[in-house]
Amino acid sequence: MTAIGIDYGTSNSEVVYFDGTAHQHIKLDPLDKKGNKIRSSVFIYFEDELPPPPDAMVEAKVAQLQRVISEQIDKAKDGYYSAKDPKEQAMYSDRIDSLRGDLHNKPALQRKAIAQLMHAMSLDEIPLLRLVEHGKFAFGEEGFRRFLKMPDKGRLIYSPKNFLGASLDGDQKQAFIGIIAKQLAYFKQCAEQQLGKVVNNAVIGRPVKFHGTRGEEGNAQAIQIMTEAATKAGFSGVNFLDEPIAAAYKIEQTLPRDTTTLIVDIGGGTTDICCIKLSPERSNQLDRKDDVLSVTGRRLGGMDCDKSLVLKAIAPEMGMGLKMINGLPVPPTYFSDMCAVDNIPALTRFFSDDYGLDISQTMSVIKEPAQLERLLIVQENKLSARVVNSARLAKELLSSKQNITLPLHYIEDDFDVEISQDSLKKALKPWLDKVKTLVVECLESSSEKPEVVMITGGMSLSPIVVDALYENLLTGLPRLENDAFNSVCEGLAIQAAKHA
């Protein structure tokens, strides 16, 4: 039986196989040079026509058409009884017979109903579950490039993982099960092709707390969705492991002795922290619950930083902070809604015609409408995901540079935004304060003090983040070097090998 580790992330996902000696990273994205990571976003699209409307909608439309025909029959009857000329009566009689035929011709009415609904339907009106059932899927760079070329032909789910703990109705749950099943099935297929054997089991990383406000209920829902998706994808067995503990299992192999270690895992969607006793002698044991001294987590990830940077550095160049004639500022919700790439209701509202009209009306009551017009372009062309992605690139560049010029020419020719490292620090400060509070919470819950610290996850590459954590908090603790992007998945693969 072959098992793999799957790091199903907020921003990127990764698959690793461990044979007991060495790790093999599965190439997931043929359009990426490295290829062992893939964007977690999914683009669901239609090359030609949209899917037919659901049966309930068709039946409602048929009933409406039948009501119209019945009214026409009643009018024709009135005409028949009012007519004095036999020829005129015969005309009305023929009309009544024809309309009655139309009224009872259900197949013809259904075809007409579907045609009218299809003509009036837009992509934004199609429920997510129907998109999943009828649309085509594109993953990774292929999906993101398709989205950039034809945003009106599909819908980009920027981070499916971020919705798993949210309030979802039955159809929405089934939609996300379908989306994630497609992704996991693709991961499984890639692994089987490259390993040359059937993959049966998987150990999937999970945050301590999934993104959402529903606490343990949200966590249980997220695990249920992931479990059903894995089964639908063809896995016969699936287990879950807290992501910071997975990272600990990877670093454990490098330690010379038993060591109490603080793991700080700052990913794209969540920050997860654990204090754990690591031991080379116990590394092969499957159950290590007694070694975990404390574990905590919260939805504080790199995506929050990206959105914060948009609001602090980019949105002011798009009209945020401008005053209207009445002295009030342009509604700041315009810009928070623009960034809501992980909130389907908010983003759907932002892309609606009514929202665009509201922005246009606001442009008429400010002195400098040109800046706000940039926001309208983002709204009309559904560029929110692209703006947040630009902020992510800026954040990464500012990890090693003091100043950058961020080109946003897809919004407006020659539209560039100057961003400094100081601007990034200001954007990150509220987020970093919350991360530090989480570290303190984990340390206070542990019965033992850590001897070393390991900071991992994409945000661990930012010197701003590391410096903030060591300032008056982790001072004096030796830092274990690690692979920020691969430690979690390699640890998951180690655990998966124990289940094989």
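The legends below accompany several close-up views of this predicted model.

**View 1. A three-stranded open sheet, ordered β6-β5-β7**. Welcome to the first stop, where neighbouring strands pair in antiparallel fashion. The edge positions belong to β6 (residues 136–139) and β7 (residues 154–157). Each of these two has a single partner strand, so one side of each is left without a neighbour in the sheet. From one strand to the next, the twist averages 20°. Strands of a sheet pair through backbone hydrogen bonds, and the pairing can be parallel or antiparallel.

**View 2. The antiparallel pairing of β5 with β6**. Here we zoom in on strand β5 (residues 42–45), which is joined to β6 by four bridges. If you would like one pair to look for, take Y45, whose bridge partner in β6 is K136.

**View 3. Two helices that meet the sheet, α5 and α6.** How is each helix set against β6? Helix α5 (residues 140–149) lies across β5, β6 and β7, and runs at about 115° to β6. Helix α6 (residues 170–195) also packs on this sheet and touches β5, β6 and β7. The direction of α6 makes an angle of about 55° with that of β6.

**View 4. The largest pocket, with a volume of about 1100 Å³**. A total of 42 residues line this pocket. Good landmarks for finding your way are S11, N12, K37, G458 and F485, which lie nearest the centre of the pocket. Two or more lining residues come from each of β4 (37–39), α9 (302–314), α14 (384–397) and α17 (487–499). Of the elements, α14 gives the most to the lining, with four residues. For those thinking about the chemistry of the wall, the lining divides into 19 polar, 15 charged and eight nonpolar residues.

**View 5. Strand β8, buried along its run of six residues**. Is β8 enclosed or exposed? Six of the six residues of this strand (201–206) are buried, so β8 is largely enclosed by the rest of the structure. The cover extends to both faces: N201, V203 and G205 are buried on one side, and A202, I204 and R206 are buried on the other. Being buried here means a relative accessible area under 20%.

**View 6. The parallel partners of β8, namely β1 and β9.** Strand β1 (residues 3–8) runs parallel to β8, and four bridges join the two. Within this pairing, G5 stands opposite V203 of β8. Strand β9 (residues 237–242) also runs parallel to β8, with six bridges between them. For R206, the bridge partner in β9 is D242.

**View 7. D414, a residue other than glycine with a positive phi**. This phi value is near 65°. You will find D414 in the loop that links β13 (403–407) and β14 (416–420). With a relative accessibility of 66%, D414 counts as exposed, because the cut-off for exposed is over 50%.

**View 8. N472, a residue other than glycine whose phi is positive**. Here phi is near 60°. Where does N472 sit? The place of N472 is the loop between α16 (463–470) and α17. N472 is exposed, and its relative accessible area is 73%.

Key:
Residues numbered from 1 in each chain as written. Predicted model: local features only at pLDDT ≥ 70, side-chain atom pairs only at ≥ 80, totals over all residues. Heavy atoms only, no water. Pairing = 2+ DSSP bridges. Axes fitted to C-alpha atoms, helices over the stretch in contact; angles between N-to-C directions. Contact = heavy atoms within 4.5 Å. 1 Å grid on protein atoms, 1.4 Å probe; cavity = no way out; pocket = protein on both sides within 12 Å on 5 of 7 lines; lining within 4 Å. Points joined across faces, edges and corners; volume = space filled by probe spheres on them. Nonpolar A, V, L, I, M, F, W, Y, C, P; charged D, E, K, R; others polar. Buried < 20%, exposed > 50% of the residue type's maximum accessible area, 1.4 Å probe, protein only.
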